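Work through the exercises below with the model open. Try each task before reading its solution.

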Number of protein chains: 2
Amino acid sequence: MKNQSLTEQLKGSTLFPSSRKIYVEGSRPDIRVPMREISLSPFTDKQGVNHPNEPIYVYDTSGVYTDPSYTINIKEGLPKLRQQWIAERADVEERSNLSSEYGQIRQADTKLDAIRYPNVNTRPLRAKADKVPTQYFYAKQGLITPEMEYVAIRENQNLGRMNEGRATKIESYITPEFVRQEIAAGRAMIPCNINHPECEPMIIGSKFRVKINANIGNSALSSGIQEEIDKAVWAMIWGSDTVMDLSTGDNIHETREWIIRNSPVPIGTVPLYQALEKVNGKVEDLTWEIYRDTLIEQAEQGVDYFTIHAGLLRDHVELTNKRMTGIVSRGGAIMAKWSMIHDQENFLYTHFDEICEILAAYDVAVSLGDGLRPGSVYDANDEAQFAELRVLGELTHKARAAHVQVLIEGPGHVPVHKIKENVELQQEVCDNAPFYVLGPLTTDIAPGYDHITSAIGGAIIGAHGVAMLCYVTQKEHLGLPNREDVKQAVITYKLAAHAADLAKGFPGAQLHDDAMSKARFEFRWEDQFALALDPQTAIQFHDETLPNDENKKTHFCSMCGDNFCSMKSSHEIRNMKSGKQHGPCQHRNEAVEETINAQE
Amino acid sequence: MKNQSLTEQLKGSTLFPSSRKIYVEGSRPDIRVPMREISLSPFTDKQGVNHPNEPIYVYDTSGVYTDPSYTINIKEGLPKLRQQWIAERADVEERSNLSSEYGQIRQADTKLDAIRYPNVNTRPLRAKADKVPTQYFYAKQGLITPEMEYVAIRENQNLGRMNEGRATKIESYITPEFVRQEIAAGRAMIPCNINHPECEPMIIGSKFRVKINANIGNSALSSGIQEEIDKAVWAMIWGSDTVMDLSTGDNIHETREWIIRNSPVPIGTVPLYQALEKVNGKVEDLTWEIYRDTLIEQAEQGVDYFTIHAGLLRDHVELTNKRMTGIVSRGGAIMAKWSMIHDQENFLYTHFDEICEILAAYDVAVSLGDGLRPGSVYDANDEAQFAELRVLGELTHKARAAHVQVLIEGPGHVPVHKIKENVELQQEVCDNAPFYVLGPLTTDIAPGYDHITSAIGGAIIGAHGVAMLCYVTQKEHLGLPNREDVKQAVITYKLAAHAADLAKGFPGAQLHDDAMSKARFEFRWEDQFALALDPQTAIQFHDETLPNDENKKTHFCSMCGDNFCSMKSSHEIRNMKSGKQHGPCQHRNEAVEETINAQE
């Protein structure tokens, strides 16, 4: 498959120069948390004395795809790192067969063998009777799971110095117990279905690093299985923390299986899309039973979170009549239409307790969809949007009562001055459940650049405490993103999320910036490239102006040239002042120390 | 010249589909304010009845380059639209020769004839004795100049409906008298040298549209005259409100002449760069006399604003020792080095009164440079930066006393949570003089994407009241931007500035967004492209997925396909509710009316 060639490509690749994958071990040997270590070269002063620069450790979402010791075989799937942890808790049991009718039909259909993932597990896990295998339930019981310890180590990652004396002190901010408390309070969640043991745990909550999600998925018009797997892996390599598979075309059951088995990051879906496919796109034919079967089908494949548009009530539809752009959420439009056709309340709302029961049995998190999110600046923060948000608050409490982990979805298109109100209202009515927003886009006039109109909103809303940003690609409003679009959007959202982490004062976040700035001041060009979110683009841009390798050692750059290099002058000025011939190295290490101390 | 081919290219171009250039006449026939009118197609309802959509008028910085009735000849330069206005005020006189020694030497050098602009005006204008030809002085005297009326009409531009009954009512916000008051208070300025009569007046101030500046200029290492002119015109076509020529290589005097004679937007420079070239890059050889001669040389060519790093005092240099990245402003580094070498105060500070005298004689605005702007997140808002800012406040008052128009320059690299403090302190110490900032970049870790890291900061700081944003290209920190980089950065900054205008509630700004959103909801694809900041990119992205023209009429798009199109469903839902078969058109025109009313 094409994906194999992607992973083959990655093997010998120099996507991330000066980097190696390391694992930090937790309290037991099977807790091994991945990080990317970026080695930095020393600063050489005028006397030729080398002053070392410590490596930087960065958060690593790429799984074994960037582990040279591991041989990728997408037909076998990824290592099941959580299998033992799940088994040890002894609260789940294997089913004798797939529980969903649809899953059974697809499995029995030999015509699908050619495109089917070859090792489908037909004995999925489910909670034992009266047991609740959710991280939220464990946290409330006071249990610190391996997943919680894993994310605690992972969140501290970028602080670097993990193997040194400082680690203990720095870890005092995000400890496993702190993680447990945040989850128990419903302020954070770890999306990790018991049927997705390949998932490397990650946490979503306002007190943790801002996360990003990449949407992939074929529509009826375009794209195939291979391309979607490629895009998913590509998104993870560049830093996507979760991936949503929004496929609506053919064979979405089989596509999903391939993706989950090969995904080290949590996978989210909107089950309603597949339910609609099952009734041939006829909204009027949708039923609770078909939807319910779809939830079970996907839960047993290992989907980690479901977007469920249960908050859009029949009475809300009328509120959208004043809008510029009506209903722009696919799921929202489907349920609004269903309600209108049948003159009945949204069945996702009326069956919400049963939904929660299913979700709890697999530890699938609910991501309460915002079917009435604004699709234009004009519609931002309107009555329809906030009416639905208040219902999401009500549903948050219901889900929590069923021990289900909760995310709340948010907009959309929101101008800069209306962003804060969204976060404040969400935190109030949803009791600080983690907020997960799309962008938001801060203007409507730049199609082709909506990764940027929305990264502006993303950085601002992240700084206000939003826990995860769903990316928007430059193709938004125009077409389906290709692999390069996915990469551009992931990098754009990584930088927006990081800007938000800095604004939140997230411990250690600034170390990465400081390492980059120190490398700039010391003219360590190779280190600047290695520290960049996208090293190859940085190298390419540099080489366009100054192509040869010698120019990666110059103490100036092509932007200003030798005489006009301000940093070069700064060095000269410092030497003049001190009367000594020392470099800036000592000062700079002090600066990094100060950053650490200030954030502790 | 290559530039000619650019303008030739533009002639038959479809860069801006459905658009035509119009001029709105003011109180006298030679006040003709350019706008781009975008025609929109009607919405056709299910009964086949057409509901018209009014055209949208957008701010147009492209000068006659997009006027099909005008034949560009860069050897003759642009029409001198301000010549008469300047003459009428009878406060300036022609010099008998160029006043600067350097200007005379270059003019006499026949070796330069081959690269020289052929019609250099060797009889530049200067103030008559005891006269002050600055817009600031006029405003304080209560005089409304044609320039002020011009910008008043221009600022109201995007409100549309300029030729209809609404115009008067809308204009009550930004009237010529309001413009005069803002300039008289020092809160706004119109950069327009009396020797740049080709300049189409524009205003910079917190109560007006947020403006953007594009930097161009060759360094000693790269780029030539033709390429720089090309880049300047290209930047204006995409929406740059001013252009700074930061050339530091050969023949910068001649390059500048070509650019100014062909520029409909104000041109800024940093005279110190050329002064340093004159002493062969040896900072120690810089003198006040050489700098002074450079000011006069450039003022007589028609430069509209000078960046002058007069606020960086000798005592500030020590404050940069604690920094991560020292001094990153080229001008700042030069003056700091000069001060240290000579153990003297910055001569731009000690000679500031004489500088102001020269500037006032030509109505060159001073842009007080921030030589100590932070070059890293670590250095943001530090003692050095704010110590210099306080001196800029002192200099603001000195410049105002000399009737010189003032801009204040700001950072740089600033994380999201430290942005607001910059604006608050600047407004306080500089008595609300317009603030002009570079970005700011909100993180250091994304070289190759710094147009985005900085557009985030730009939108936020613009919303806080910054009047003009200096763009940052994706090549920042890496190399010199090419033409495509310039375009990308201009579009990125246009959208950031527009996001800030929306946040400020600038009258009429949202009409553009509303027109786009209405076009989206009504599936008017061609109108969506025409309304986009970059129509060709939008079309290209659309056509990648759905290439043929038929697909520009579909009532869904490739992102979701037919069954999953939420907007299509929205229409169906509305029809179901009302029981009538009407389209959304009526509602939508009401929505646009509401936007106008809310902002009035």
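**Exercise 1. Which residues are linked with K80(A) in a network of salt bridges?**

Solution. Start with the ground rules. This is a predicted model, in which local features need pLDDT of at least 70, side-chain atom pairs count only at pLDDT 80 or more, and totals for chains, interfaces and linings use all residues; side-chain values use heavy atoms, without hydrogens and water. Residues are numbered from 1 along each chain as its sequence is written, with chains lettered from A and ligands numbered from 1 in the order in which they are written.

Step 1: apply the criterion. A salt bridge is a side-chain nitrogen of Lys or Arg within 4 Å of a carboxyl oxygen of Asp or Glu.
Step 2: read off the network. K80(A) is linked with E198(A), E257(A) and R261(A).
Step 3: set the total beside it. Over all chains, the structure holds 69 salt bridges.

**Exercise 2. Characterise the salt bridges of R116(A), R314(A) and D534(A).**

Solution. Recall the principle: side chains of opposite charge can pair when their charged atoms come close. Classify burial by relative accessible area: buried is under 20%, exposed is over 50%, and partly exposed lies in between (1.4 Å probe, protein chains only).

Step 1: R116(A) pairs with D113(A), the closest N and O atoms being 2.7 Å apart. R116(A) is buried at 11%, while D113(A) is partly exposed at 44%.
Step 2: R314(A) meets D343(A) at 3.1 Å, N to O. R314(A) sits in the loop between β13 (305-308) and α12 (330-342), and D343(A) in the loop between α12 and α13 (347-350), so the pair ties together parts 29 residues apart in sequence. Helices (H or I, at least four residues) and strands (E, at least two) are DSSP runs, numbered from the N terminus. R314(A) is partly exposed at 29%; D343(A) is exposed at 55%.
Step 3: D534(A) meets K487(A) at 3.2 Å, N to O. The two are 47 residues apart: D534(A) is in the loop between α20 (525-531) and α21 (535-545), K487(A) in helix α18. D534(A) is buried at 0%, and K487(A) is buried at 8%.

**Exercise 3. Where does UniProt place the feature "binding site", and what surrounds H413(A)?**

Solution. Step 1: consult the record. The unreviewed UniProt entry gives H413(A) and H477(A). They span 65 residues of sequence, yet cluster in space, with a largest C-alpha distance of 12.2 Å. Such annotations may be inferred rather than shown by experiment.
Step 2: locate both. H413(A) is in the loop between β15 (406-410) and α16 (419-429). H477(A) is in the loop between β17 (468-470) and α18 (483-504).
Step 3: check burial. H413(A) is buried at 6%, and H477(A) is buried at 14%.
Step 4: list contacts (heavy atoms within 4.5 Å). Leaving aside neighbours within four places in sequence, those of H413(A) include D444(A), H477(A) and, from chain B, R520(B).
Step 5: inspect the side chains. Those of H477(A) and H413(A) make a polar contact at 3.4 Å. The criterion is a pair of N or O atoms within 3.5 Å; within protein, one must be able to donate a hydrogen and the other to accept it, and residues adjacent in sequence count only if both atoms are side-chain atoms.

**Exercise 4. How many disulfides are there over all chains?**

Solution. Step 1: require two cysteine sulfur atoms within 2.5 Å.
Step 2: count. The result is 0.
Step 3: test one case. For C356(A), the nearest cysteine sulfur is that of C430(A), 14 Å away. C356(A) is buried at 0%.
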